[in-house]
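The following note sets out numbered points for a colleague who has the model at hand. Each point may be checked against the coordinates in turn.

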Amino acid sequence: MTRPPSQDDVQRLLYELCVDLGFCLPPEEHRRLREAPPADADIFTDAVFEAEGMGPGEDRRQVRDVVVRHMRGWAMLDRPEDD
């Protein structure tokens, strides 16, 4: 079973989206995603676009690629450690 990401994990993702792609969410949306991040990359990506006030016709590829990369990293953190 995969552990949910920590708020720090989500913070790093949101920071990258802001700095690298210019998706700097309003504070309330930033907090909402940190506290209850969607577990699906497409839903997380849609939440970012919605928080930015952007419509469904926007190209989501770059944002989704960042989200997927971070989510894969979160899954890797779930591996059991060697004792």
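Helices here are DSSP runs of type H or I with at least four residues, numbered from the N terminus. The model under discussion is predicted.

1. Overall architecture. The chain contains four helices and zero strands. Taken in sequence order, its pattern is α-α-α-α. Of the 83 residues in the chain, 31% are buried. Where contacts link residues at least 6 apart in sequence, 60% of them join residues at least 24 apart. The chain exposes about 5,700 Å², and carbon and sulfur atoms supply 50% of that area.

2. Segment before H1. Pro 4 is placed in the segment that precedes H1. Pro 4 counts as exposed because its relative accessible area is 63%, and the cut-off for exposed is over 50%. The C-alpha atom of Pro 4 is separated by 9.3 Å from that of Ala 36, although the two residues are 32 apart along the chain.

3. Dimensions and sides of H1. Helix H1 spans residues 7-21, which makes 15 residues, and reaches 20 Å from its first C-alpha to its last, close to the 21 Å expected at 1.5 Å a residue. The buried residues of H1 are Asp 9, Val 10, Leu 13, Leu 14, Glu 16 and Leu 17. These residues lie on the same side of H1, because they cover an arc of only 155° around the axis. As background, an α-helix has 3.6 residues a turn, so residues three or four places apart point the same way. The face of H1 turned away from the buried side carries the exposed residues Asp 8 and Tyr 15.

4. End of H1. Which residue follows H1, and what is its phi? The residue is Gly 22, and its phi is positive, near 80°.

5. Disulfide. The count of disulfides comes to one. This disulfide joins Cys 18 to Cys 24, with an S to S distance of 1.8 Å. The torsion about the S-S bond of Cys 18 and Cys 24 is about 90°, and the disulfide is therefore right-handed. Cys 18 is classed as partly exposed because its relative accessible area is 25%. Cys 24 is likewise partly exposed, with a relative accessible area of 41%.

6. Glu 16. Is Glu 16, a residue of helix H1, buried or exposed? Glu 16 is buried, because its relative accessible area is 16% and the cut-off for buried is under 20%. The side chain of Glu 16 is joined to that of Arg 69 by a polar contact of 2.3 Å. Leaving aside residues up to four places away in sequence, Glu 16 touches Leu 21, Val 66, Arg 69 and His 70. The C-alpha atoms of Glu 16 and Val 67 are separated by 9.6 Å, while the residues stand 51 apart along the chain.

7. His 70. The contact between Glu 16 and His 70 leads to helix H4, which comprises residues 61-77 and includes His 70. His 70 counts as buried because its relative accessibility is 14%. Apart from residues up to four places away in sequence, His 70 touches Arg 12, Leu 13 and Glu 16. Of these partners, Leu 13 and Glu 16 are listed among the buried residues of H1.

8. Loop between H2 and H3. Ala 39 is found in the loop between helix H2 (27-35) and helix H3 (41-51). Ala 39 counts as exposed because its relative accessibility is 77%. A distance of 8.4 Å separates the C-alpha atoms of Ala 39 and Met 71, which are 32 residues apart along the chain.

9. Helix H3 and its ends. Asp 40 caps the N-terminal end of H3, with a side-chain oxygen 3.0 Å from the backbone nitrogen of Asp 42. The buried residues within H3 are Ala 41, Phe 44, Thr 45, Ala 47, Val 48, Phe 49 and Ala 51. Gly 53 follows H3, and its phi is positive, near 75°. A glycine with positive phi is thus recorded after H1, as Gly 22, and after H3, as Gly 53.

Methods. Residues numbered from 1 in each chain as written. Predicted model: local features only at pLDDT ≥ 70, side-chain atom pairs only at ≥ 80, totals over all residues. Heavy atoms only, no water. Helix = DSSP H or I, 4+ residues; strand = E, 2+ residues; numbered from the N terminus. Buried < 20%, exposed > 50% of the residue type's maximum accessible area, 1.4 Å probe, protein only. Contact = heavy atoms within 4.5 Å. Polar contact = N/O pair within 3.5 Å; in protein donor to acceptor, adjacent residues only side chain to side chain. Disulfide = S-S within 2.5 Å. Expected span 1.5 Å × (residues − 1). Arc of directions from axis to C-beta. Areas by Shrake-Rupley, 256 points an atom, 1.4 Å probe, with all protein chains shown as cover.
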